Amino acid sequence: MKEEISAMDHAALCILRKTGLDVVEAAQLARELLQASKGRGSRRKRARECIRLGEEALIARGKTVTFRRAVDEAMEARYDRRKRTRDDFRYINRRLLRCCPEMARRPVRFIKPQECRTWLEKSFGTLRQRHKARLVLSGVFGTAVKRGWCRENPVAYVDLPRLKESSIPVLSLEEMRRLLAAAEEYASGACLAAVGLMLYAGIRPEEVRRLDWAQIDLREGVVSLRARHSKTGGARIVTIRPVLRNLLERAAAMGFGAGSVCPRNWPAKWRALRRLAGWDGKENKWTADILRHTFASYFARHFKNLNVLQLEMGHSSSDLLRTRYLNMEGVTEMTAAIFWSGCWKSKVL
């Protein structure tokens with residue numbers, strides 16, 4: 001029996017001699033490994049599984065990058081996106097890194113979903129901001145997965161409470177009259193075409209800023225929005241209906257029928273025009289996207305065709321129209337008919 005033990009000890013020592021470990025060190029490592037591999041099944045089998053997984057993790061560590069490097073790569077991969085998209089992507093990641101500096105050096109392969117949730121909650125105060133930041137953060141990890149720097153996207157496992165969409169009001173006929181009258185008066189009518197396109201074609205404010213008169217075909221009665229100019233990245237055709245045609249022809253007659261639809265320094269002019277029309281930003285605040293919602297609500301009430309409305313607004317389905325865009329409070333068939341005829345008292349129509 002002693003000879004058999006001595007032979008085993010000798011064989012063990014021969015094995016250890018090649019590792020540079022002594023017997024005590026080897027015993028301590030073996031003990032730690034067995035403790036770490038507790039669970040059902042053979043401890044020897046689980047210990048070998050721990051060794052295999054640990055080896056894979058060590059190899060993977062060399063194939064990952066820091067979160068800051070992943071952000072830079074994701075930003076570079078979006079070089080062909082619209083400027084506003086790139087600016088939003090850059091802003092959100094900078095805010096994450098500013099509020100959570102520990103993120104910068106974290107290897108992306110080892111970042112956990114709970115860390116992502118904590119970073120989002122720490123960096124952004126409102127639920128809407130967190131939802132937007134979650135999309136951007138998911139984009140960073142999506143790029144990392146494509147590069148082979150992490151196995152999966154941890155943000156996919158981060159659930160946020162659903163946003164409760166509040167109803168956006170629509171303009172009344174009187175409010176529209178004031179707005180269009182102000183558009184004709186302010187800056188000699190330089191803003192009239194842009195306001196008309198937002199109100200009577202549902203074109204987004206950012207899309208109007210990129211729109212050129214060459215894309216407006218009064219003869220065919222359409223506005224052509226290019227893919228690179230639209231929010232969703234898809235081209236679409238918007239119909240010019242009679243009331244909008246009158247506005248565009250009037251703007252063209254004033255000398256604004258060429259070049260950019262929006263005048264220079266458009267954001268400042270647009271704010272000043274709204275103040276002139278009665279939206280002072282204090283007692284009467286302007287609601288973002290109110291013109292697009294006004295267009296959708298009056299269109300649905302008058303034309304009763306959500307499929308056409310969906311196409312003209314550039315939505316992939318009519319679901320968003322039903323849940324977010326249509327506000328029929330105060331919109332009757334009579335007011336909708338007046339809206340599309342332009343027959344209320346106005347200097348413009």
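In this predicted model, Asp-217 has Val-222 as its bridge partner in strand S2. Val-222 in turn is paired with Thr-239, its bridge partner in strand S3. These pairings introduce the sheet to which the strands belong.

The sheet is open and consists of three strands in the order S1-S2-S3, with antiparallel pairing. Strand S1 (216-217) and S3 stand at the edges with a single partner strand each, so one side of each has no neighbour in the sheet. Two bridges connect S1 with S2 in the antiparallel sense, while four bridges join S2 (residues 222-225) to S3. Along S3, which spans residues 236-239, the side chains alternate between two faces. Arg-236 and Val-238 point to one face and are buried, whereas Ile-237 and Thr-239 point to the other and are not.

Strand S2 also leads to the interior, being one of the elements that give two or more residues to the largest nonpolar core. This core contains 52 residues, of which Leu-179, Leu-197, Tyr-200, Val-261 and Tyr-298 touch the most other members. Helices that give two or more residues to the core include H8 (173-185), H11 (242-253), H13 (290-303) and H16 (333-341). Helix H9 (192-201) gives the most, with nine residues.

Tyr-298 may be followed further through its contacts. Leaving aside neighbours within four places in sequence, Tyr-298 is in contact with residues including Val-170, Leu-171, Leu-173 and Met-176, and also with Val-331, Phe-339 and Trp-340. Apart from the core of Tyr-298 lies another core, which has 30 residues, among them Phe-89, Met-103, Ala-133 and Val-136.

How values were computed
Residues numbered from 1 in each chain as written. Predicted model: local features only at pLDDT ≥ 70, side-chain atom pairs only at ≥ 80, totals over all residues. Heavy atoms only, no water. Buried < 20%, exposed > 50% of the residue type's maximum accessible area, 1.4 Å probe, protein only. Pairing = 2+ DSSP bridges. Core = buried A, V, L, I, M, F, W, Y, C linked by side-chain atoms within 4.5 Å. Contact = heavy atoms within 4.5 Å.
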